[in-house]
Amino acid sequence: MSMLRRGTVSVTPEINRTMNEIPNRLVKVRSSEFQVNPRGEFCARSKVAATAAAVTLAIALGLVDYLTGREWAISALYLLPTCFAGWVAGRLPGFAVGALCTGVWFLSDILSGPMYQHPLIPVWNAIMLFVFFFVVVWLLTAFRSSHYHLEQTVERRTAALRAEMEERKRLEHAKLQAERLAVVGSMAAQVAHEIRNPLGAIFLNLDLIGEELNVFVNSNRRSAAECQALLREMRSQVLRIRQVLQDYLRFARMPKSERSVVSLKGFLEEKLNFVQPLLDQKHVDLRSTLDPNLPPVYVDAEQLWEAFLNLIRNALDAMPDGGNLTVSAQRNGAEALVSISDNGHGMTEEEARNLFVPFFTTKSDGTGLGLAYAQRVVNEHGGRIDCATAWGKGSTFSIQLPLAVGA
């Protein structure tokens, strides 16, 4: 700056030796001493270290300024500790170091001797220098704050974009799986329909054979009893096949839902009272927690109850010696959350992984379509079903359903 021009002074060898020693006295600042948190802000320890380093550097510059007299105009170098303190430690430490640098410069200028035409010129220069430092620190910290704010905004938007991409991948995978299941289902439904008719004829003929065998009861009781046992076994197996076909056709040919506004609290209370005798028979204690202020949902009540009933039956099968069945319904944002929990034997990792896979079952008399049907019903209603399980502790099925419009 032109206002800071000074007279010329010869540099002696003694001062040269002092200049060579000054750099060795300066504090060496290592980048590893200043730690930055994930948000881009320096920790308190780093701010204290940065302020101390800036103060030391300012004092060292003042010493150099005094020893060189007015030969070197190093006023601009006072920006180094000021900017360093402002960037690392913040606005207030930057102002403080700027004021210190101004004072050090003013002191070294006064001690160098009177070389100005007016005694107030050094004071004016010091004031202007502090104003300059003030503006620089203000702009630098404002840029730093906006920079960190921009980084946080970019991080938030990047995380939201990543989550959206993952959700799209999940939806694309679900759509592809649904398309494959639709093709396989249309083919298998036709096969099941073709099998069901011959099974009906076989079942009818078994009844006729049973009636014919009754004629020979008086003549050969032993042979008739053996034949009756064989017929009962054949009839039970045919009934099992028929049940599998009926479950599959219900799964593959799900009728169009007839939705209406349903209050989950009243709906669940009514249906749970209906299954209470079954729970008493299985020695299962029912615990229900239903939010009375839960808004209604727009669903097909019969389909939804079939899905809930499948989950309840699975819970009863998981507690053959009795236990606790917990049913809760509460609001979760813009959705209704229904949880069905048991304290049965739980599931293994493999069972949990194949939980909603059609025809996967661990029961000797199961078809493996109950949970697949429940998942399809929930998905058809725009909801989601999840399961949390632990071996030996039980399982919890969580069903999220969108609330009715305007709820």
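A residue counts as buried when its relative accessible area is under 20%. Keep that cut-off in mind, because A85 comes in at 0% and is therefore buried. Everything here comes from a predicted model, so let's look at confidence before going on.

**How far to trust it**

The chain has a mean pLDDT of 77, with 76% of its residues at 70 or more. Confidence isn't spread evenly, though. Helix α1 (residues 13–25) has the lowest value, with a mean of 40, while β5 has the highest, at 94. Over residues 1–34 the pLDDT stays under 50, and for this stretch the model has 45 contacts beyond four places in sequence. Where pLDDT is low, the predicted coordinates should not be read in detail.

**Around A85 and T141**

Back to A85. You'll find A85 in helix α3 (residues 79–88). Not counting residues up to four places away in sequence, A85 touches A54, G90, P93, G94 and V97.

Now jump along the chain to T141, which sits in helix α5 (residues 121–215). A85 and T141 are 56 residues apart along the chain, and their C-alpha atoms are separated by 10.0 Å. Is T141 buried or exposed? T141 is buried, because its relative accessible area is 6%, and the cut-off for that label is under 20%. Leaving aside neighbours within four places in sequence, T141 is in contact with G86, G90 and R91. Notice G90: A85 touches G90, and T141 is in contact with G90 too. The side chain of T141 also has a polar atom that lies 2.8 Å from the backbone oxygen of V137.

**Aromatic rings**

The count of aromatic pairs comes to 7. Take F95 and F134: their ring centres are 4.4 Å apart and their planes are at 15 degrees, so this pair is stacked. The pair links distant parts of the chain, with F95 in helix α4 (residues 91–111) and F134 in helix α5, 39 residues apart. Ring pairs also join F95, F130, F134 and W138 into a cluster.

How accessible are the two partners? F95 is buried, because its relative accessible area is 16%. F134 counts as partly exposed, because its relative accessibility is 36%.

Here are the residues from this report that have a value for accessibility:

| Residue | Relative accessibility | Label |
|---|---|---|
| A85 | 0% | buried |
| T141 | 6% | buried |
| F95 | 16% | buried |
| F134 | 36% | partly exposed |
| V405 | 87% | exposed |

**The sheet and its helices**

Further along, 5 strands make an open sheet with mixed pairing, in the order β2-β4-β5-β7-β6. Which strands are at the edges? They are β2 (284–290) and β6 (384–390), and each of these pairs on one side only. On average, neighbouring strands in this sheet are turned by 15 degrees against each other, direction ignored.

Two helices pack on this sheet. Helix α7 (residues 264–281) touches β2, β4 (323–332) and β5 (335–342), and its direction makes about 175 degrees with that of β2. Helix α10 (residues 370–380) touches β6 and β7, with its direction at about 25 degrees to that of β7. In α10, the buried residues are L371, A372, Y373, A374, V377 and V378. After α10 comes G382, which has a positive phi, near 75 degrees.

**The hairpin and what follows**

Let's zoom in on β6 and β7. How many bridges join β6 and β7? There are 7, and β6 pairs with β7 (residues 394–402) in the antiparallel sense. Want to trace the pairing yourself? Start with R384, whose bridge partner in β7 is Q400, then find I385, whose bridge partner in β7 is I399. The two strands form a hairpin with 3 residues between them, and G392 in the turn has a positive phi of about 85 degrees.

Past the hairpin you reach V405, in the segment after β7. V405 counts as exposed, because its relative accessibility is 87% and the label applies over 50%. The C-alpha atoms of V405 and V261 are separated by 9.5 Å, with these positions 144 residues apart along the chain.

Notes. Residues are numbered from 1 along each chain as its sequence is written. This is a predicted model: local features need pLDDT of at least 70, side-chain atom pairs count only at pLDDT 80 or more; totals for chains, interfaces and linings use all residues. Side-chain values use heavy atoms; hydrogens and water are left out. Helices (H or I, at least four residues) and strands (E, at least two) are DSSP runs, numbered from the N terminus. Buried means under 20% relative accessible area, exposed over 50%, partly exposed in between (1.4 Å probe, protein chains only). A polar contact is a pair of N or O atoms within 3.5 Å; within protein, one must be able to donate a hydrogen and the other to accept it, and residues adjacent in sequence count only if both atoms are side-chain atoms. Contact means heavy atoms within 4.5 Å. Two strands pair if DSSP finds at least two bridges between them. Axes are lines fitted to C-alpha atoms, for helices over the stretch in contact, and angles run from 0 to 180 degrees between N-to-C directions. pLDDT is the predictor's confidence in each residue, from 0 to 100. Rings of Phe, Tyr and Trp (its six-membered ring) pair if their centres lie within 6.5 Å; planes under 30 degrees apart count as stacked, over 60 as edge-to-face and the rest as tilted.
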